[in-house]
Amino acid sequence: MQQRFISLGVILIFLISWPLLAQEKDKVFCPQVANYNMDIVLNPEKNIIEGQEILTWTNSTNQPTSELWFHLYWNAFQNNRSTYLQEAQREGRRLVANFKEEDWGYCRIESLAVLPAGNFTAVDLTNQMTFRQPDDNNPFDQTVFSVALPRPVNPGETIKLEIKFKAKVPRPISRTGVWKDYYFIAQWFPKIGVFENEGWNCHQYHAHSEYYADYGTYDVKITLPTAYIVGATGELVSSQVNGDGTTTHHFHQHSVHDFAWTASPRFLVFKEKFRHTSGKETEITLLLQPYHRRLKERYLLAVKNALKYCSQWFGEYPYSTVTCVDPAYNSKSGGMEYPTLFTAGAYFLDPPGSQRPEGVTIHEFGHGYFYGLVGTNEFEHPWMDEGFTSFLDTEVYYAAYGPPYFTRRYFGFPVLFPQIKIPVEAEGISRHRQTARMDIMQRFAWQFMSGTSYGANSYAKAELMLRSLKRFMGEEKFWEMMKTYSTRHWFKHPRPADFLQVVEKFAGSQTVDILRQLIYQEGALDYALSSIKNHHLPPPRGLFDQDKQALAEKQYSQNNYLVEILVRRLGEIKVPVKVMIEFADGTTITENWSGRELWHKFVYQRPSPAVKAAVDPEFIWLLDINRRNNSLTTRPTPWSWLKLTSRWLFWLQHSLEILRFLGS
Amino acid sequence: MKIKIIREYIEGILTTGKFFQLVVIIFVVNLALALILAVPLANSFRNHLGSSLTSEKIVENFDYVWWQEYRDEAQGLAKTVQVTTLTPRGALLDNLESLVFFNQQASSLPPVILLAMIIYGLVQTFLTGGLLATYHQERPPLKKGFFFQQSGVFFARLLGLMAISWVFFLVIYQGIGRLFHWFERYLGRTALSERPAFYVGLVTSALLLFLIFFLQMLFDYARIHTVVFQEKNILKATWRAWKVVGAKLGQALGLYYLILASLVIFTLIMTLFREALPEKTALMIIVAWLLQQILILGTIWFRCWLYASQIKLYQRWTETSLPSAAEK
C-alpha cells in the first residue's frame, strides 16, 4: 500500500513538473530580437543553396524605423571589385587569383515580402531593395542592402518578412565555401543589421572585419544528400530521410546571433558530455577529419578545458551544445567562431606541448564568450572580441597545460625544443612592439594602417592590456571583475565604455585612466632604469651647528654612500610603477613612482652602494616595449653574451662545415 | 665486398689519425673564420644586454622574452640569431635543411654569411689538395712545407672541379629541387589531407639529400684522381674517375654512406650529451663551448676520414700505391 502511494506520488510529481521542465528547456536567455525560420536545400552538384527564411524582427530601440537594413556577406565574393576583395588586394592578398567562373559566390534575394502579422499587412517589397555602401561608397559593393517599408516599425513592434534567396557557395574564402565535398557555410543568408537608437548599424563586409548582429532564435532545416554528415549551430532536433536520396536536418537554437553549418561525408563524429560544477551538462560534438584521428582526445580535452576554465572565469556556459569542427585541409575554414560551433585546425603530426590543436581550439571556443555571449560590435570594436579572446585562450592554455614549447617544422616534422618554453610574458609583445606607435587600439576594423596593425592592436595589445590589468589589480579582484563584465553583458552589445564602467567599479578611476590611454591614445609604454650612481661620501667638513656636526658624523659613520637611482619614462603611456633597489649589503627597497613625470630620481644615504635596480620588477606592465632597459646592475656578468655567442658560433661553424659538402 | 669496404673504412681512420694535424689545421681555419664573424655579434649581444639584469636570466636559462626583443631589432648578421641557431639540435637541423634547400634559403642569409661561406669553400678547396696528397703519399705534411706546397699545386685544378660541380649542383637545386617543390606544392594545394604533400616532401627531401651527397662523392673521386694521377686536365680527371666509380658504384656508395652514417651517430650522441649539459655557470658555459668544438672537430675529422678512406679505395681500384702513379 505504502509502495503504491510512493509510485502515485512519483507520477504526480512528474506530471506536475513536466510542463515546468519543458518550459525550462525552452526558456530563452534574452529578448529574441531577430528570429529566423529557414528551410534550405543544398545542391552539391551546382553548389547552390536555395530556400527561404521567415524573419521575425522586433524593434528593440526607442526609435521607429521606416526601413530595414540587411547584410549579404557572400556578395563580397561575386567579383573582385567588392570592398572586401579590393581591400585584400591592396594588402597584396591575392585571394581570388585562381578563381574560375564557377568559384565565385553570391547571395541573391529572389523575393522579399512583408507577411501579415500584427498591424502589418502583406506586401511585396522586392522592388524596394537598394544596395547601400555606408562605409566607402563603393558602387560595386553589394554586401548591404536596405528596403523601404510601407510604414515604420515602431518601438517594441514586430514585423514578419518572408525572404526567398539563392546563394552560390564560393570556393573557400574568408572561412566559408566548398572544398571538394567539404562545406563550411557561414555568413550565408540574408541577415538583418542591428537597429540602434543612433540608427542602423550595418557595415559592408571588409577584409579585416567580422560581424555584428542581434540575438534571436534560429530554427533551420537543411536538406542535402543523405551521405553528408552535418554539424550546425544549436541542437539537432531531427534528421528526416526524404526518400529521394536526401535528408533534412533540423537545428534549433535560441539566444544566438548567427547560424553556421558544415557538411561532409567524411567527418568522424565523436560526442562527449561535460558536466559543469552546477550539474548542468553540455554535449560536445567533435567533427573530425579521418586523417586527424590521433588528435581526437586532444581536441576533446581542449574543449573540456576551455569549458571548465571559461565557466569558472567568465560565467557558466549556458548552451547545451558545442560543436568543434576540425576543418578539411585546404578548406581555409580553420580558426573561426560561430555561436555554439567553431572551427579549430591542426597538422596531423602536431606533438603535445606544441599549442596545436589546443591553442586554436581554446581560442575559438573562447569566442563563444567574447563575440557569442558578449555580443560586441566586431566591426567597430575589434579588440573587444579578439583581444579578450586572445587573453582568454592564453590564460586557459597556461592554466591547463603550462607553458608551451617552442616548435619548428623540419622536412614536415614538427620538432619540439624541450629546453625552450614560451613564457606567458612573451605572448603578444612582439606584435605589439612593432606597431605600438602605428595606430590607436580603438579603431573600426578596416581603418587600421595595415593588416599587421589591425592584428597587433586587436589581438595582441588588448591581450597584453588585460594581462597587465590582471597583474596590476591582483588575480582575485581581476577575475571577479571579468566575470561581472562578462555575465552582465551576456546577450547585449557592450561598448568600450561599458567595460570601463565595470573596471571603475572594481579598480577605481585611476585604472580607468590607464586603460583610456591604452585604448584611445597613441604611443607606447616604456619605462627605463636609466642609471645607478654610487658616490662615496667624504667625511663631514666645514662649518656646522654644534648639534648638526654630531649628526653629520653619526650619519657618515653609518651611511657613507650617496646613492642616486634615475628612472625615466621613455614612452607616451603613463602608468604607476614600482622601483626596486638592491644594495650590496643585501637589503632591498621598493618604491612607488606615479610614472607621470619624464623622470624621477630616488636618492639615498646608505651604508652600502646600490648594486641592482629595476623599474616594474614584477613585470606588471607587459606592454612595456623594451624590457631589458627596465633594470641595471653595477656588476654585469659577461657570461650572458659569451654564452649566446658560443651557441651562435657553433651554428656558424657547423653551417660552414656542412655547406662545404657543396663542392670542396 | 663488405670486408674490403671495412678495410678502407678502418684504414681511413688510421690515416686521419696518423696525420691528425691536418684535421686540426682545418678546424683552426673553421674556428678562426667563425670567430671573425662572432666578434661583431658578441658586441651586438653585449650592447643589447648592456648592464641589464636580463643578463643574469640568460646565464640561468634561455630568455625567450629577451630573444624576441633582440630579434625585433635585429639587422644584418643579428638576423641569424634565432631560437634554433641558439640551440644545438636547432643548429644542426637548420644546417641540414639549408643543405637540402640551399637555393631557397641562401637568399635569406645576410651577405656577410654568404661571403664567409664562399671564403671557407675556397680555403677548404685550397687545403684539400694538400690533404689528398698527404693521404695519398703518406708523407709528413708539415716537413718542408709539403702540405701547403701540394695545396698550392692543386688549387687551380680543384677550383675548376668545384666550378664544374656547381653546374651539377645548380641542376639539382634549380632543376630537380624546384620540380620537387612544385609537385609538393601542387599536392599541398589540391589534396584532401596534408599527408600526401608531407610524404612526398619527405621522399623528395631524402632524394635531394642523396643526390647532393652522391654528386659530392663523384667529385671527391674526381679530386682524388686529379691528385693521385697528378692529372692536369680536370675534365679528363672527372671522366676517368667516374668511369672507375661507375664500375664499382656499390663499393663507392657503401663506403660513403657508411662513413656518413657514422657521422650521424657521432653527431646525435654529441648533441644529446651537449643538450643534457646544464649551462648555468661560467664553468659549464666553458665546458659546453669545448664540447661544441669537439663536435665541430669531429665533423671535420669525418670529412677527412671520407677522403682518406676513398683515396684508399681508389688506390685499390686503380692498383696505385706509393708513390703516385705519375711518379712511377
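Visitor: What makes the eight strands of chain A an open sheet, and in which order do they run?

Guide: In this predicted model, the order is β5-β4-β8-β2-β1-β14-β17-β16 of chain A, with mixed pairing. Two strands pair if DSSP finds at least two bridges between them. The edge strands β5 (123-124) and β16 (235-241) of chain A each pair on one side only. Strands here are DSSP runs of E with at least two residues, helices are runs of H or I with at least four, and both are numbered from the N terminus.

Visitor: How do you know that β2 and β8 of chain A pair?

Guide: Count the bridges: β2 (residues 48-58) and β8 (residues 158-168) of chain A share 11, in the antiparallel sense. Pairing asks for at least two, so these strands qualify. One bridge joins A:Gln52 to A:Lys164 in β8(A).

Visitor: Why is A:Ser209 called buried?

Guide: A residue is buried if 20 or more other C-beta atoms, placed from the backbone, lie within 10 Å of its own (exposed if 12 or fewer, partly exposed in between). A:Ser209 has 23, so the word buried applies. You will find A:Ser209 in the loop between β13 (199-201) and β14 (216-225) of chain A.

Visitor: What does A:Ser209 touch, beyond residues up to four places away in sequence?

Guide: Its contacts are A:His203, A:Glu378, A:Phe379, A:Ala445 and A:Trp446. Contact is defined by C-beta atoms, placed from the backbone, lying within 7 Å.

Visitor: What makes α11(A) mostly covered?

Guide: Of its 21 residues, 19 are buried. The helix α11(A) also gives the most to the side of chain A that touches chain B, as you can see next.

Visitor: How many residues does each chain bring to that contact?

Guide: Chain A brings 62 residues and chain B brings 78. From chain A, α11(A) gives the most, with 21 residues.

Visitor: How do you know how far to trust chain A?

Guide: Look at pLDDT, the predictor's confidence in each residue, from 0 to 100. Chain A has a mean of 94, and 96% of its residues reach 70 or more. Over residues 1-25 of chain A, though, the pLDDT is below 50, and this stretch has zero contacts beyond near neighbours in sequence. Where pLDDT is low, the predicted coordinates should not be read in detail.

Visitor: What rules lie behind the numbering and the values?

Guide: Residues count from 1 along each chain as its sequence is written, while chains are lettered from A and ligands numbered from 1 in written order. Local features need pLDDT of at least 70 and side-chain atom pairs 80 or more, whereas totals for chains, interfaces and linings use all residues.

Note on methods. Contact = placed C-beta atoms within 7 Å.
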